[in-house]
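Welcome to a short tour of one protein chain. Please have a look at the sequence and the structure below, and then we can walk through a few places together.

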Amino acid sequence: MGPCISTLLANMGAFSGGSSSYHNPATVRRGAVVVANWSNGQPLVAASTTHKGRVAALNFYPPSSVSRVDFWDRATDGAALMGNALTWTARNDNDVLILGDDFTPGSLNDVRRKLRPNVDGTIDTYDYTGPIPSIAALRRYDSIMVYANLPASDVNVLGDRLADFVDGGGGVVDMFATSSNFWAIGGRWAAAGYSGMIPGNRDFGTTLTLGAKLYPLHPVLDNVAAVNLGAGSYHNDGAVRPGSLRLADLSNGRPLAVERSTGNGRVVTLNFYPVSADIQSDLWVVGTDVGRLMANSVNHVARSDIDALIVGTED
């Protein structure tokens, strides 16, 4: 879901259109909502939702009194209003890249299918036993999920690229076994401690379920009530990295979900293997909320910057 329409008026204290106060005296189109009016009763801000997009109409001329003294007063909140409108109308889909391997055929596509119901946007997969994608290729995505049942072709290059991605505002969800000593990510990812967990040893063989929710209202845990990781329950016995936020535990008391803010982006560490029992019978149980937990995580870490184009004339 995108931001509420009320965010169009966030941080708005005062607005003056200046001595000219250029605006259009037209009526609001059917289906649109008037969010705020001018002091003369004419619409100042209107908003509508069309198909999958949004339109915000700001009924004033955007250059400020810096350009000409009779334009809107730069000492008031016109800039906040325009910024709010860009934020509200920006597309809010999440383009996701899943980095992992197909040691068990169909694994990558299984993870993609489990994310699909709760992720709006493209979901691509890439087998990282091949060449590691360039940072330019990675930056096409808003979030990356990474897991392992085989080592990456170059764990150090992978770590450097993921660290660069997070530094640039992207988000990463790292999962078993990239968060264990067995196939840990190297490079700057390891050296600077980007993961929410310190790599530990693999543990498996006892069925694990959802333990304590330490932050039950956190977006990562939204609508997550039942977790069953199956008879295998592959996970890492390592500790939470200092400075990270432990969101929820497994039934054995070890971390299930940990958040870490590093660089300009976010990292969520999920302490289990993301492939389901549809591929291998001892993996997480389909019908529980594990797919939702993974989707919540990639949505939560997704980059939130906005690319905007201003179209107008230079008079």
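Which backbone oxygen does the side chain of T178 reach? In this predicted model, that partner is the backbone oxygen of M175, at 2.6 Å. T178 itself sits in the loop that runs between strand 7 (171-175) and helix 5 (187-191). Its relative accessible area is 4%, so T178 counts as buried, the cut-off for that being under 20%. Beyond its neighbours within four places in sequence, T178 is in contact with Y128, V146, Y147, A148, W183, A184 and I185.

Next, the nonpolar interior. The largest nonpolar core holds 59 residues, and those with the most contacts inside it are L115, L158, L162, V172, L270 and F272. Helix 6 (residues 290-301) is the element that gives the most to this core, contributing six residues. Apart from this core lies another one, of eleven residues, with A36, W38, A47 and W88 among them.

V240 offers another stop: this residue is found in the loop between strand 10 (235-236) and strand 11 (245-250). V240 and G100 are separated by 140 residues in sequence, and their C-alpha atoms are 23 Å apart in space.

Here are the contacts of two valines, leaving out residues up to four places away in sequence:

| Residue | Residues touched |
|---|---|
| V172 | I144, V146, L162, F165, V166, W189, R266, V267, V268 and V301 |
| V240 | G196, M197, I198, R246, P255 and V258 |

V146 is one of the residues touched by V172, and V146 is also among the contacts of T178.

Notes:
Residues numbered from 1 in each chain as written. Predicted model: local features only at pLDDT ≥ 70, side-chain atom pairs only at ≥ 80, totals over all residues. Heavy atoms only, no water. Helix = DSSP H or I, 4+ residues; strand = E, 2+ residues; numbered from the N terminus. Buried < 20%, exposed > 50% of the residue type's maximum accessible area, 1.4 Å probe, protein only. Polar contact = N/O pair within 3.5 Å; in protein donor to acceptor, adjacent residues only side chain to side chain. Contact = heavy atoms within 4.5 Å. Core = buried A, V, L, I, M, F, W, Y, C linked by side-chain atoms within 4.5 Å.
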